Amino acid sequence: MTEQDIQNKWRLGDIAMKRYLLFASHSYAYSILRPIEREALRRGAEVAWFLEDTCPDMLSVDEVRIRTIDEAIAWNPLAVIAAGNWVYPFLPGIKVEVFHGYPIYKRPNRLYSHFSLRGWWDIYCTQGPSSTDIFRQLEEKKGYFKVYETGWPKSDDTFNPELPPVPERKRPCILYGTTFTQGITSVWDMAPVIDRLASEKSWDWMITFHPKLMDYPDLLSLYETIFQKHDNIVFLGANITYDAFRKCDVLLCDSSSLIVEFLITGKPAVTYRNTHPGPYLIDVQQLDEVEPALERALTRPAELMRAIDEYANYHEPHRDGQNSARVLDAIDDFAANYQGRLKHKPLNLVRKLKLRWRLKYFK
(Lines give C-alpha, C1' and ligand atoms only; values in the text may rest on other atoms or scores of the structure.)
Protein backbone atom coordinates (compact mmCIF):
# COMPACT_ATOMS: atom_id res chain seq x y z
CA MET A 1 0.00 0.00 0.00
CA THR A 2 1.43 3.35 -1.05
CA GLU A 3 1.31 6.55 1.02
CA GLN A 4 -1.33 7.90 -1.36
CA ASP A 5 -3.44 4.79 -0.79
CA ILE A 6 -3.17 5.37 2.94
CA GLN A 7 -4.20 9.02 2.58
CA ASN A 8 -7.15 8.04 0.35
CA LYS A 9 -8.30 5.46 2.86
CA TRP A 10 -9.93 8.01 5.15
CA ARG A 11 -11.44 9.97 2.26
CA LEU A 12 -13.32 6.90 1.06
CA GLY A 13 -14.14 5.47 4.49
CA ASP A 14 -17.50 4.84 6.09
CA ILE A 15 -18.68 8.21 7.40
CA ALA A 16 -20.44 6.49 10.31
CA MET A 17 -17.18 5.03 11.59
CA LYS A 18 -15.68 6.72 14.66
CA ARG A 19 -12.74 8.94 13.81
CA TYR A 20 -10.07 10.25 16.15
CA LEU A 21 -7.60 13.00 15.24
CA LEU A 22 -4.33 12.88 17.19
CA PHE A 23 -2.88 16.37 17.56
CA ALA A 24 0.91 16.47 18.06
CA SER A 25 2.98 19.61 18.59
CA HIS A 26 6.18 17.98 19.93
CA SER A 27 7.94 14.66 19.45
CA TYR A 28 7.03 13.49 22.95
CA ALA A 29 3.41 13.23 21.78
CA TYR A 30 4.09 10.01 19.86
CA SER A 31 4.71 7.85 22.92
CA ILE A 32 1.60 9.30 24.59
CA LEU A 33 -0.83 9.11 21.67
CA ARG A 34 0.23 5.87 19.98
CA PRO A 35 -1.30 3.63 22.68
CA ILE A 36 -4.59 5.46 22.02
CA GLU A 37 -4.11 4.93 18.29
CA ARG A 38 -3.65 1.19 18.79
CA GLU A 39 -6.71 0.88 20.99
CA ALA A 40 -8.87 2.89 18.59
CA LEU A 41 -7.77 0.76 15.64
CA ARG A 42 -8.43 -2.38 17.68
CA ARG A 43 -11.99 -1.15 18.14
CA GLY A 44 -12.40 -0.65 14.40
CA ALA A 45 -12.19 3.14 14.40
CA GLU A 46 -10.24 5.38 12.04
CA VAL A 47 -7.27 7.38 13.29
CA ALA A 48 -5.32 10.21 11.70
CA TRP A 49 -2.54 12.53 12.86
CA PHE A 50 -2.22 16.31 12.60
CA LEU A 51 1.39 17.39 13.14
CA GLU A 52 2.36 20.94 13.98
CA ASP A 53 5.53 22.32 12.38
CA THR A 54 7.22 21.94 15.78
CA CYS A 55 6.70 18.18 15.67
CA PRO A 56 8.98 16.03 13.49
CA ASP A 57 7.26 13.62 11.15
CA MET A 58 7.94 10.20 12.69
CA LEU A 59 4.85 8.49 11.27
CA SER A 60 5.05 5.09 9.68
CA VAL A 61 3.69 4.35 6.21
CA ASP A 62 0.60 2.77 7.80
CA GLU A 63 -0.27 5.86 9.81
CA VAL A 64 -2.51 8.50 8.23
CA ARG A 65 -1.44 12.13 8.30
CA ILE A 66 -3.86 14.97 7.65
CA ARG A 67 -1.82 17.90 6.44
CA THR A 68 -4.17 20.89 6.40
CA ILE A 69 -6.88 22.38 8.58
CA ASP A 70 -9.34 22.13 5.69
CA GLU A 71 -8.67 18.39 5.40
CA ALA A 72 -9.10 17.97 9.15
CA ILE A 73 -12.41 19.82 9.10
CA ALA A 74 -13.64 17.74 6.15
CA TRP A 75 -12.59 14.53 7.89
CA ASN A 76 -14.86 15.53 10.81
CA PRO A 77 -13.44 13.51 13.72
CA LEU A 78 -15.49 12.52 16.73
CA ALA A 79 -12.65 13.80 18.93
CA VAL A 80 -9.35 15.64 18.73
CA ILE A 81 -6.91 14.22 21.28
CA ALA A 82 -3.86 16.25 22.28
CA ALA A 83 -0.88 15.72 24.55
CA GLY A 84 -0.01 19.40 24.83
CA ASN A 85 -1.40 22.62 26.29
CA TRP A 86 -3.44 23.79 23.33
CA VAL A 87 -5.39 22.79 20.25
CA TYR A 88 -7.04 24.66 17.37
CA PRO A 89 -10.57 25.37 18.65
CA PHE A 90 -12.01 25.58 15.13
CA LEU A 91 -11.28 21.90 14.50
CA PRO A 92 -14.45 19.80 14.75
CA GLY A 93 -14.93 17.19 17.44
CA ILE A 94 -14.66 16.84 21.20
CA LYS A 95 -11.38 18.37 22.42
CA VAL A 96 -9.57 15.95 24.72
CA GLU A 97 -6.53 16.77 26.89
CA VAL A 98 -4.39 13.78 27.89
CA PHE A 99 -1.35 15.81 29.09
CA HIS A 100 2.35 15.58 28.31
CA GLY A 101 3.48 14.66 31.82
CA TYR A 102 2.51 14.21 35.43
CA PRO A 103 2.00 17.19 37.77
CA ILE A 104 5.42 17.96 39.19
CA TYR A 105 5.77 21.30 40.97
CA LYS A 106 9.07 22.44 39.53
CA ARG A 107 9.00 25.94 41.01
CA PRO A 108 7.87 26.39 44.63
CA ASN A 109 5.18 28.96 45.39
CA ARG A 110 4.12 29.26 41.75
CA LEU A 111 0.89 28.08 40.11
CA TYR A 112 1.71 24.95 38.20
CA SER A 113 0.79 25.13 34.51
CA HIS A 114 -0.58 21.57 34.65
CA PHE A 115 -3.75 23.08 36.18
CA SER A 116 -4.00 26.21 34.05
CA LEU A 117 -7.38 26.45 32.31
CA ARG A 118 -7.01 27.86 28.83
CA GLY A 119 -10.56 27.26 27.67
CA TRP A 120 -9.73 24.76 24.89
CA TRP A 121 -10.88 21.44 26.34
CA ASP A 122 -14.15 19.55 26.67
CA ILE A 123 -12.52 16.64 28.50
CA TYR A 124 -9.55 16.38 30.83
CA CYS A 125 -8.30 12.78 31.13
CA THR A 126 -6.46 12.86 34.43
CA GLN A 127 -3.87 10.36 35.60
CA GLY A 128 -4.58 9.89 39.30
CA PRO A 129 -5.49 11.68 42.54
CA SER A 130 -2.59 14.13 42.18
CA SER A 131 -4.31 15.65 39.14
CA THR A 132 -7.93 14.50 39.45
CA ASP A 133 -8.72 16.16 42.79
CA ILE A 134 -7.82 19.67 41.62
CA PHE A 135 -9.44 19.29 38.20
CA ARG A 136 -12.67 18.03 39.77
CA GLN A 137 -12.78 21.19 41.89
CA LEU A 138 -12.22 23.29 38.76
CA GLU A 139 -14.90 21.32 36.89
CA GLU A 140 -17.46 22.10 39.59
CA LYS A 141 -16.46 25.76 39.61
CA LYS A 142 -16.30 26.37 35.84
CA GLY A 143 -18.85 23.94 34.46
CA TYR A 144 -17.74 23.86 30.80
CA PHE A 145 -15.70 20.63 30.82
CA LYS A 146 -15.78 17.14 32.31
CA VAL A 147 -13.02 15.30 34.13
CA TYR A 148 -12.40 11.58 33.76
CA GLU A 149 -9.69 9.77 35.68
CA THR A 150 -8.35 7.40 33.04
CA GLY A 151 -4.67 7.07 33.84
CA TRP A 152 -1.98 8.27 31.44
CA PRO A 153 -2.01 6.53 28.02
CA LYS A 154 1.79 6.51 27.78
CA SER A 155 2.05 4.16 30.76
CA ASP A 156 0.06 1.50 28.88
CA ASP A 157 3.26 0.53 27.11
CA THR A 158 5.07 0.19 30.42
CA PHE A 159 2.45 -2.17 31.83
CA ASN A 160 1.43 -4.07 28.71
CA PRO A 161 0.99 -7.68 29.94
CA GLU A 162 1.97 -9.00 26.51
CA LEU A 163 5.50 -7.59 26.67
CA PRO A 164 8.26 -10.18 26.96
CA PRO A 165 10.33 -10.11 30.15
CA VAL A 166 13.42 -7.92 30.16
CA PRO A 167 16.59 -10.00 29.68
CA GLU A 168 18.66 -10.21 32.85
CA ARG A 169 21.49 -7.67 32.88
CA LYS A 170 25.00 -8.39 34.07
CA ARG A 171 25.58 -4.74 35.05
CA PRO A 172 23.36 -2.09 36.60
CA CYS A 173 21.93 0.47 34.18
CA ILE A 174 21.37 4.12 35.05
CA LEU A 175 18.90 6.28 33.12
CA TYR A 176 19.67 10.01 33.08
CA GLY A 177 16.92 12.43 32.13
CA THR A 178 16.48 16.15 32.76
CA THR A 179 13.98 18.94 32.57
CA PHE A 180 14.38 21.86 30.20
CA THR A 181 13.35 24.46 32.79
CA GLN A 182 16.09 27.06 33.18
CA GLY A 183 17.57 27.33 36.66
CA ILE A 184 16.39 23.81 37.45
CA THR A 185 17.88 21.61 34.73
CA SER A 186 20.97 19.66 35.74
CA VAL A 187 22.09 18.95 32.18
CA TRP A 188 25.20 21.16 32.26
CA ASP A 189 26.29 20.31 35.81
CA MET A 190 25.85 16.57 35.36
CA ALA A 191 27.99 16.18 32.21
CA PRO A 192 31.37 15.78 34.01
CA VAL A 193 29.78 13.53 36.64
CA ILE A 194 28.43 11.15 34.01
CA ASP A 195 31.75 11.27 32.16
CA ARG A 196 33.65 10.24 35.30
CA LEU A 197 31.19 7.58 36.48
CA ALA A 198 31.06 6.00 33.02
CA SER A 199 34.81 5.46 33.32
CA GLU A 200 35.05 4.42 36.95
CA LYS A 201 31.93 2.35 37.65
CA SER A 202 30.77 -0.93 36.17
CA TRP A 203 27.49 0.61 35.14
CA ASP A 204 25.71 1.06 31.83
CA TRP A 205 23.98 4.32 31.00
CA MET A 206 21.01 5.51 28.95
CA ILE A 207 20.61 9.26 28.46
CA THR A 208 17.61 11.23 27.22
CA PHE A 209 17.03 14.96 26.76
CA HIS A 210 13.92 17.10 26.85
CA PRO A 211 12.99 17.86 23.21
CA LYS A 212 13.75 21.57 23.64
CA LEU A 213 17.33 20.77 24.69
CA MET A 214 17.93 19.29 21.25
CA ASP A 215 18.05 22.87 19.94
CA TYR A 216 21.25 23.68 21.86
CA PRO A 217 24.24 22.76 19.66
CA ASP A 218 26.81 23.55 22.37
CA LEU A 219 25.09 21.15 24.74
CA LEU A 220 24.82 18.39 22.14
CA SER A 221 28.49 18.85 21.27
CA LEU A 222 29.49 18.58 24.94
CA TYR A 223 27.62 15.31 25.40
CA GLU A 224 28.68 13.94 22.02
CA THR A 225 32.28 14.21 23.22
CA ILE A 226 31.35 12.14 26.27
CA PHE A 227 29.44 9.55 24.23
CA GLN A 228 32.42 9.02 21.93
CA LYS A 229 34.63 8.18 24.90
CA HIS A 230 32.42 5.49 26.41
CA ASP A 231 30.88 2.38 24.91
CA ASN A 232 28.65 1.90 27.97
CA ILE A 233 26.46 4.94 27.19
CA VAL A 234 23.44 4.87 24.88
CA PHE A 235 21.95 8.21 23.85
CA LEU A 236 18.19 8.01 23.36
CA GLY A 237 17.73 11.55 22.09
CA ALA A 238 14.42 13.19 22.98
CA ASN A 239 12.18 10.19 22.35
CA ILE A 240 12.37 8.01 25.40
CA THR A 241 10.09 4.96 25.36
CA TYR A 242 8.81 2.42 27.86
CA ASP A 243 11.69 0.15 26.90
CA ALA A 244 14.22 2.34 28.70
CA PHE A 245 12.16 2.32 31.90
CA ARG A 246 12.03 -1.46 31.80
CA LYS A 247 15.76 -1.90 31.16
CA CYS A 248 17.16 0.61 33.65
CA ASP A 249 17.54 0.12 37.39
CA VAL A 250 17.78 3.70 38.67
CA LEU A 251 16.87 7.14 37.33
CA LEU A 252 19.20 10.10 37.77
CA CYS A 253 17.23 13.32 37.33
CA ASP A 254 16.46 16.81 38.67
CA SER A 255 12.82 18.01 38.78
CA SER A 256 11.38 16.55 35.58
CA SER A 257 7.99 14.83 35.37
CA LEU A 258 10.06 11.92 34.07
CA ILE A 259 10.53 11.09 37.76
CA VAL A 260 6.92 10.00 38.16
CA GLU A 261 7.03 7.98 34.95
CA PHE A 262 9.97 6.07 36.34
CA LEU A 263 8.77 5.69 39.93
CA ILE A 264 5.50 4.07 38.84
CA THR A 265 7.60 1.16 37.56
CA GLY A 266 8.64 0.53 41.18
CA LYS A 267 12.26 1.62 40.79
CA PRO A 268 14.19 4.33 42.69
CA ALA A 269 15.31 7.75 41.53
CA VAL A 270 18.23 9.94 42.58
CA THR A 271 17.61 13.65 42.09
CA TYR A 272 19.88 16.66 42.07
CA ARG A 273 18.43 19.68 43.86
CA ASN A 274 14.83 18.60 43.36
CA THR A 275 12.38 21.45 43.97
CA HIS A 276 9.91 19.22 45.85
CA PRO A 277 11.92 16.41 47.48
CA GLY A 278 10.24 13.75 49.55
CA PRO A 279 10.86 10.33 51.12
CA TYR A 280 10.25 8.68 47.73
CA LEU A 281 13.46 10.24 46.35
CA ILE A 282 17.13 10.20 47.19
CA ASP A 283 17.80 13.88 46.71
CA VAL A 284 21.28 15.42 46.81
CA GLN A 285 22.52 18.99 46.83
CA GLN A 286 26.14 18.52 45.77
CA LEU A 287 27.60 16.78 42.73
CA ASP A 288 29.98 14.66 44.82
CA GLU A 289 26.92 13.14 46.51
CA VAL A 290 25.57 11.69 43.27
CA GLU A 291 27.74 8.55 43.21
CA PRO A 292 26.98 7.35 46.78
CA ALA A 293 23.31 8.16 46.22
CA LEU A 294 23.21 5.98 43.10
CA GLU A 295 24.96 3.17 44.98
CA ARG A 296 22.34 3.39 47.74
CA ALA A 297 19.50 3.42 45.23
CA LEU A 298 20.79 0.22 43.63
CA THR A 299 20.36 -1.56 47.00
CA ARG A 300 16.64 -0.58 47.04
CA PRO A 301 16.23 0.19 50.76
CA ALA A 302 12.90 -1.07 52.12
CA GLU A 303 11.74 2.29 53.49
CA LEU A 304 12.50 3.99 50.20
CA MET A 305 10.58 1.41 48.20
CA ARG A 306 7.52 1.72 50.46
CA ALA A 307 7.52 5.49 49.95
CA ILE A 308 7.87 5.02 46.18
CA ASP A 309 4.85 2.72 46.05
CA GLU A 310 2.70 5.21 47.99
CA TYR A 311 3.82 8.10 45.78
CA ALA A 312 3.28 6.11 42.57
CA ASN A 313 -0.29 5.24 43.56
CA TYR A 314 -1.01 8.91 44.22
CA HIS A 315 0.04 9.85 40.70
CA GLU A 316 -0.82 6.72 38.66
CA PRO A 317 -3.02 4.09 40.30
CA HIS A 318 -4.02 2.72 36.89
CA ARG A 319 -1.25 0.31 36.00
CA ASP A 320 -3.22 -2.31 34.10
CA GLY A 321 -2.39 -1.30 30.52
CA GLN A 322 -5.97 -0.08 29.93
CA ASN A 323 -5.61 3.70 30.22
CA SER A 324 -6.11 4.30 26.50
CA ALA A 325 -9.27 2.22 26.59
CA ARG A 326 -10.58 4.41 29.41
CA VAL A 327 -9.80 7.54 27.37
CA LEU A 328 -11.94 6.27 24.48
CA ASP A 329 -14.68 5.21 26.90
CA ALA A 330 -14.61 8.71 28.39
CA ILE A 331 -15.13 10.22 24.92
CA ASP A 332 -18.10 7.93 24.32
CA ASP A 333 -19.61 8.86 27.68
CA PHE A 334 -19.13 12.58 27.04
CA ALA A 335 -20.68 12.34 23.56
CA ALA A 336 -23.69 10.44 24.92
CA ASN A 337 -24.33 12.41 28.11
CA TYR A 338 -22.68 15.85 28.13
CA GLN A 339 -21.90 17.18 24.65
CA GLY A 340 -23.92 20.35 24.06
CA ARG A 341 -25.29 20.34 27.61
CA LEU A 342 -22.51 22.12 29.52
CA LYS A 343 -21.79 25.80 29.98
CA HIS A 344 -20.15 27.58 27.07
CA LYS A 345 -16.37 27.77 27.01
CA PRO A 346 -14.72 31.17 27.54
CA LEU A 347 -14.63 33.32 24.40
CA ASN A 348 -10.82 33.53 24.41
CA LEU A 349 -10.94 35.92 21.47
CA VAL A 350 -7.32 37.05 21.68
CA ARG A 351 -5.99 33.50 21.97
CA LYS A 352 -8.20 32.30 19.16
CA LEU A 353 -7.06 35.10 16.87
CA LYS A 354 -3.44 34.32 17.65
CA LEU A 355 -3.95 30.69 16.65
CA ARG A 356 -5.66 31.66 13.42
CA TRP A 357 -2.87 34.11 12.67
CA ARG A 358 -0.33 31.35 13.36
CA LEU A 359 -1.83 29.35 10.49
CA LYS A 360 -2.97 32.33 8.42
CA TYR A 361 -6.38 30.62 8.58
CA PHE A 362 -9.33 33.02 8.64
CA LYS A 363 -12.20 31.00 7.18
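The exercises below work through a predicted model, each with a solution in steps.

Residues are numbered from 1 along each chain as its sequence is written. Because the model is predicted, local features need pLDDT of at least 70 and side-chain atom pairs count only at pLDDT 80 or more, while totals for chains, interfaces and linings use all residues; side-chain values use heavy atoms, with hydrogens and water left out.

**Exercise 1. The sheet**

Determine the order of the strands in the open sheet and identify the edge strands.

Solution. Begin with the elements themselves: strands (E, at least two residues) and helices (H or I, at least four) are DSSP runs numbered from the N terminus, and two strands pair if DSSP finds at least two bridges between them. On this basis seven strands form an open sheet with parallel pairing, in the order β3-β2-β1-β4-β5-β6-β7. The edges are β3 (64-65) and β7 (146-149), each of which pairs on one side only.

Next, follow the pairings around β4. Strand β1 (residues 19-24) is joined to β4 by four bridges in the parallel sense, with F23 opposite A82 of β4. Four bridges likewise join β4 to β5, again in parallel, and here V80 stands opposite K95 in β5. Strand β5 (residues 94-97) then pairs with β6 (residues 123-126) over two bridges, where E97 is placed opposite Y124.

**Exercise 2. Burial in β4 and α12**

Establish which residues of β4 and of α12 are buried.

Solution. Apply the cut-offs on relative accessible area, with a 1.4 Å probe and protein chains only: buried is under 20%, exposed is over 50%, and partly exposed lies in between. In β4 (residues 79-82), A79 and I81 on one side and V80 and A82 on the other are all buried, and both faces of the strand are thus covered. In α12, the buried residues include V327, L328, I331 and F334.

The geometry of α12 (residues 323-337) can be checked as well: its 15 residues reach 21 Å from the first C-alpha to the last, close to the 21 Å expected at 1.5 Å a residue, where the expected span is 1.5 Å times one less than the number of residues.

**Exercise 3. Salt bridges**

Find which parts of the chain are tied together by the salt bridge of D70 and K363.

Solution. A salt bridge is a side-chain nitrogen of Lys or Arg within 4 Å of a carboxyl oxygen of Asp or Glu, and the whole structure holds 23 of them. The side chains of D70 and K363 meet at 2.6 Å, N to O. Because D70 lies in helix α3 (residues 69-75) and K363 in the segment after α13, the pair ties together parts that are 293 residues apart in sequence. D70 is partly exposed at 35% relative accessibility, whereas K363 is exposed at 68%.

For a further case, take R65 and D57, whose side chains meet at 3.0 Å, N to O: R65 is buried at 17%, and D57 is partly exposed at 44%.

**Exercise 4. Positive phi**

Locate R300 and K360, and state the phi value of each.

Solution. Most residues other than glycine have a negative phi. R300, however, has a phi near 50 degrees; R300 is in the loop between α10 (290-299) and α11 (302-315) and is partly exposed, with a relative accessible area of 37%. For K360 the phi is about 55 degrees. K360 belongs to the segment after α13 (349-359) and is exposed at 52%.
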